[in-house]
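Please go through the backbone points below with the model open. They concern peptide bonds and phi values that merit a look by eye.

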Amino acid sequence: MSILDESIPLISTKQFDQVYSSKDAKQRYKRVTEAFEQKFGFPPEFVCRSPGRVNLIGEHIDYSGYSVLPMGIERDMVMACATQPGQSIVANVNEKYPPRSFEHPVAIDASVHEWSNYFLCGHKGVIDSLGLKTVKPMQVMCDGNVPAGGGLSSSSAFVCCAAVATHHCNNGTLNKAGMTAAAIKGESYAGVQTGGMDQSISLMALNGAALLIDFYPKLNATPTIFPPVDPAPVFVIANSLKVADKHVTAPTNYNLRVVECRLAAALLLKAINGTTTRDLVTMRQVQDLVQGESEVDKLGKLLELVEKHLEQKVYSYADISQVLGLSEDEIKHIFVGSIVIQTDGFRLYQRAKHVFSEARRVLIFKQTCSNTDKDLLSKLGELMNASHESCRDLFNCSADELETLRQIALESGALGSRLTGAGWGGCTVSLVPEPLVPKFIEQVKSKYYNRYYPSLDPKQLDDVIFASKPCIGAGIWDGSFK
């Protein structure tokens, strides 16, 4: 049975220490269940979790149909839940987020930045996927410790956990593939066109392995285990503390990149076979028109076609209209649709070059992990560095804070360091040989956080830079945390 065919698992509380390395984790669960009982007057019926993720390589290519290589992390969203008669209410341990009531059918206003929208997105995604007309009332207490706007997919962890909670409350029968589709659809209600990586890894992550997630021709997940080399590779996550909420900045950043990639694919399709499409096409679909001995070889040829057929200018609607032979209104209808964007034009050469080169790096990274070459870590680090440079220079999704933090990471012993997540702020992920990790973390704390954020106390510092093992995905605990 593949990972996609499995159900969201029940996790034994006896396995708690296999999921979390933090000694405070059990206290957190106790705090959530106690907050639930204090709020609602009765104990929760179950507790579920869904993790954030760090993408090791493969940035901004999932929505072009290309494979990515993320892993689940310990930081997660936790929900204590019950289905007692009465009003449906979602509350939060953090008093900053006030309780909200909701009714079926759920209405979500994507124009309002409201914390409970993330819960409602996951809830609605599952209800719609199950086709339910009658929905059980839910009482929910949330607690998340994935840094918001940090590039570790706090929003998708929230949406996926809500999907798991809703599914369990309503005796759903979806497997992980179905749950992933429901969560992807659900998060779109918040106004962001995600590619599916974040939801896939949050729901399907495995202990001890990254996942190569394929989206074309259909969703698939393949464990990628790092070979037993000495020293072992460790991935250290560091938060730049530049908040980048993709749901807020989507029109000028994330959503715009989605549209630019659609347009680049359409122009390349026209260049290769003379066809103007009135349907959306991804760059991965364009690859099917190219001959080559391997995917790596085909991607190299696509990069040559980008150089030949796309100009390094800012394309206007008029420019694109002239190439495709479509009116500007037709272009907006086909390629933009309901997506909200704000732009002075489209940088198609840069986006296409990033997508094809990054997709190629993912495949080479995966291939490199299949051997025990003495230079394994250096080779992986070089790929991560090239990924970052492409994100910065071609996809324009870095930030000054990320550049400073990454440079410090490299100077402190990282073999490779790159932004992870949507970018424009958030976190870096750095490849560090295991014996150097403690010294590495202390140097980054000293050179970055002590200089730019001197008010952070030791506990806060441990929250902004940490090493994380590949952690299991979403699950429902089968025991009590009393």
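Backbone notes

1. W424 is placed in the loop between β10 (416-420) and β11 (427-433). The model is a predicted one, and in it W424 is not a glycine yet has a positive phi of about 60°. W424 counts as buried because its relative accessibility is 13%, and the cut-off for that class is under 20%.

2. S153 is another residue to inspect for its phi, which is near 65°, a positive value in a residue other than glycine. This serine lies in the loop between β6 (139-144) and α4 (154-169). Is S153 buried or exposed? With a relative accessibility of 7%, S153 counts as buried.

3. Where is the cis peptide bond that has omega near 0°? This bond runs from H104 to P105. P105 belongs to the loop between β5 (100-102) and α3 (117-130).

4. A cis peptide bond also runs from D230 to P231, with omega near 5°. P231 sits in the loop between β8 (220-224) and β9 (233-239).

5. For checking by eye, the points can be taken by loop. The loop between β5 and α3 holds P105, and the bond to inspect there is the cis one from H104 to P105. In the loop between β8 and β9, which contains P231, look at the cis bond from D230 to P231. For the positive phi values, go to S153 and to W424; S153 is buried at 7% relative accessibility, and W424 is buried at 13%.

Notes. Residues numbered from 1 in each chain as written. Predicted model: local features only at pLDDT ≥ 70, side-chain atom pairs only at ≥ 80, totals over all residues. Heavy atoms only, no water. Helix = DSSP H or I, 4+ residues; strand = E, 2+ residues; numbered from the N terminus. Buried < 20%, exposed > 50% of the residue type's maximum accessible area, 1.4 Å probe, protein only.
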